[in-house]
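Below is a short report on a single protein chain, written for use at the bench. Please read it alongside the sequence and the coordinates.

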Amino acid sequence: MTLRKDTMPIDDTVALRDALTSSQAQVEALQAELDETNRGVLALYAELDTQAQQLRQATELKSRFLAYMSHEFRTPISSIRSLTRLLLDRVDGPLTDEQEKQINFIRTTSEEFADMVNDLLDLAKVEAGRIDVSPGWFELVDLFAALRGMFKPVLVNPDVQLIFEEPQGIAQLFTDDAKLSQILRNYISNALKFTAQGEVRVSAVTAPAASGVPGEDEITFSVADTGIGIAPEFHDAIFQDFIQIGSPIQKRLRGTGLGLSLSKRLAELLGGRVGLRSEPGVGSVFSVTLPLRLPGAAAEVPDA
Ligand SMILES: Nc1ncnc2c1ncn2[C@@H]1O[C@H](COP(=O)(O)OP(=O)(O)OP(=O)(O)O)[C@@H](O)[C@H]1O
Ligand SMILES: [Mg+2]
């Protein structure tokens with residue numbers, strides 16, 4: 001028998017078949033392994049999904065708990081505050097100096113407690129997405145005048161001046177003035193707390209938006225102080241809940257560390273962002289940048 005030139009010898013064919021069978025087995029093994037890995041990945045995905053859902057539920061429960069708790073605290077606190085007012089007005093007869101001092105102490109503490117409860121309630125509402133933004137047109141000078149009036153009674157340190165710079169070329173803006181005022185109030189009260197000498201300066205400037213679209217201009221409010229300043233490693237952290245930096249001033253002061261985190265969330269709610277530049281021993285500049293007109297809301301240009 002003659003073998004054709006292109007036909008293989010029997011031994012080679014067997015070897016080839018064996019090799020094919022073995023690589024097919026390898027492919028099958030690999031496929032099985034892949035299937036298994038796939039199933040593992042799918043199971044992991046499912047687990048992640050459940051965990052994300054649990055996390056969402058936990059966050060919602062926490063927010064609801066905070067909201068209920070803070071809400072329930074409001075009534076007793078306000079009755080304590082009304083009672084101290086009655087006593088201080090001498091409705092029930094005269095007070096000795098010592099009694100007056102003690103009642104004043106109860107009054108200040110209950111006011112601080114009320115502020116904390118209000119901050120907690122606001123935070124819970126923001127987290128639950130239940131804070132309504134009510135934008136409107138308002139004048140910048142009116143906002144500054146209202147803030148100046150609010151802080152007048154607390155300016156007790158003669159070595160620190162609170163200055164509101166006259167806004168240049170900005171008349172009106174369309175946003176939620178109450179929320180903007182809340183952000184600035186916290187910045188200013190922080191600045192006054194952490195400044196022993198010098199000034200706290202509030203200013204506002206406008207700038208074209210990064211998008212370059214006319215009508216999307218932004219306004220940046222800054223509260224600059226000559227206080228103790230903040231080391232760079234804390235710049236992000238202080239905008240989180242309950243974060244306070246240890247310092248001799250801090251030990252003498254109260255506060256819960258909620259003001260800045262609330263300010264950050266309120267700024268985001270208004271379509272803006274917060275910022276901070278600070279140097280220890282020199283001072284800090286806290287800022288909030290917002291669109292001049294809150295996007296998404298129908299802003300009819302007011303009569304001039
Ligand atoms: N202008 C500032 N200069 C120096 N440190 C500051 C200044 N503003 C904030 N900080 C630091 O950031 C921390 C957090 O501020 P935040 O307003 O959140 O809380 P708080 O003022 O301590 O309490 P709360 O505002 O809830 O009454 C402060 O405790 C302080 O350590
Ligand atoms: Mg504060």
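## Salt bridges and the R90 loop

R90 counts as partly exposed because its relative accessibility is 34%, a value between the limits of 20% and 50% that bound this class. The model is a predicted one. R90 sits in the loop between helix 1 and helix 2 (97–127). Its backbone has a positive phi of about 60°, although R90 is not a glycine. From the C-alpha atom of R90 to that of A204 the separation is 45 Å, with the two positions 114 residues apart along the chain.

What does the side chain of R90 meet in a salt bridge? The partner is E100, with an N to O distance of 2.9 Å. This pair links distant parts of the chain, since E100 is in helix 2 and R90 is in the loop between helix 1 and helix 2, ten residues apart. E100 is partly exposed, because its relative accessibility is 27%.

The count of salt bridges in the model comes to seven. Three of them are set out in the table, among them the pair just described.

| Acidic residue | Basic residue | Closest N and O distance |
|---|---|---|
| E100 | R90 | 2.9 Å |
| E98 | K101 | 3.6 Å |
| E218 | R273 | 3.3 Å |

The pair E98 and K101 belongs to helix 2, where the two residues are three positions apart and therefore separated by about one helical turn. E98 is partly exposed because its relative accessible area is 42%. K101 has a relative accessible area of 56%, so it counts as exposed, the cut-off for that class being over 50%.

E218 and R273 form a salt bridge in which the closest N and O atoms are 3.3 Å apart. E218 lies in strand 5 (residues 218–225) and R273 in strand 6 (residues 273–279), so this bridge ties together parts that are 55 residues apart in sequence. Is E218 buried or exposed? E218 counts as buried, because its relative accessibility is 18% and the class takes in values under 20%. Its partner R273 is partly exposed, with a relative accessible area of 45%. In addition, E165, E199 and R201 are joined into one network by salt bridges that share partners.

## Helix crossings

Two packed helices are described by the angle between their axes and the distance between the axes. Helix 4 takes part in both of the crossings described here.

Helix 3 (residues 140–151) and helix 4 (residues 177–193) have axes that come within 11 Å and cross at roughly 45°. The two are therefore oblique to each other, as this angle is neither under 35 degrees nor within 65 to 115 degrees. The crossing of helix 3 and helix 4 is right-handed.

The axes of helix 4 and helix 6 (residues 259–269) come within 9 Å, and the crossing angle is roughly 150°. Helix 4 is therefore roughly antiparallel to helix 6, the cut-off for that description being over 145 degrees. Helix 4 passes helix 6 in a left-handed crossing.

## Helix 1 and its nonpolar patch

Which residues form a nonpolar patch on the surface? They are V41, L42, Y45 and L48, which together have about 430 Å² of accessible area. V41 is found in helix 1 (residues 10–88). V41 counts as partly exposed because its relative accessibility is 38%, and residues in such a patch need over 30%.

Q54 is also in helix 1. Q54 is partly exposed, because its relative accessibility is 49%. Between Q54 and F113 there are 32 Å in space, C-alpha to C-alpha, and the two residues are 59 residues apart in sequence.

How values were computed
Residues numbered from 1 in each chain as written. Chains lettered and ligands numbered in written order. Predicted model: local features only at pLDDT ≥ 70, side-chain atom pairs only at ≥ 80, totals over all residues. Heavy atoms only, no water. Patch = residues over 30% accessible without salt bridge, like charges linked within 9 Å, V, L, I, M, F, W, Y side chains within 5 Å. Areas by Shrake-Rupley, 256 points an atom, 1.4 Å probe, with all protein chains shown as cover. Salt bridge = Lys/Arg side-chain N within 4 Å of Asp/Glu carboxyl O. Helix = DSSP H or I, 4+ residues; strand = E, 2+ residues; numbered from the N terminus. Buried < 20%, exposed > 50% of the residue type's maximum accessible area, 1.4 Å probe, protein only. Axes fitted to C-alpha atoms, helices over the stretch in contact; angles between N-to-C directions. Left-handed = near helix turned anticlockwise from the far one by under 90°.
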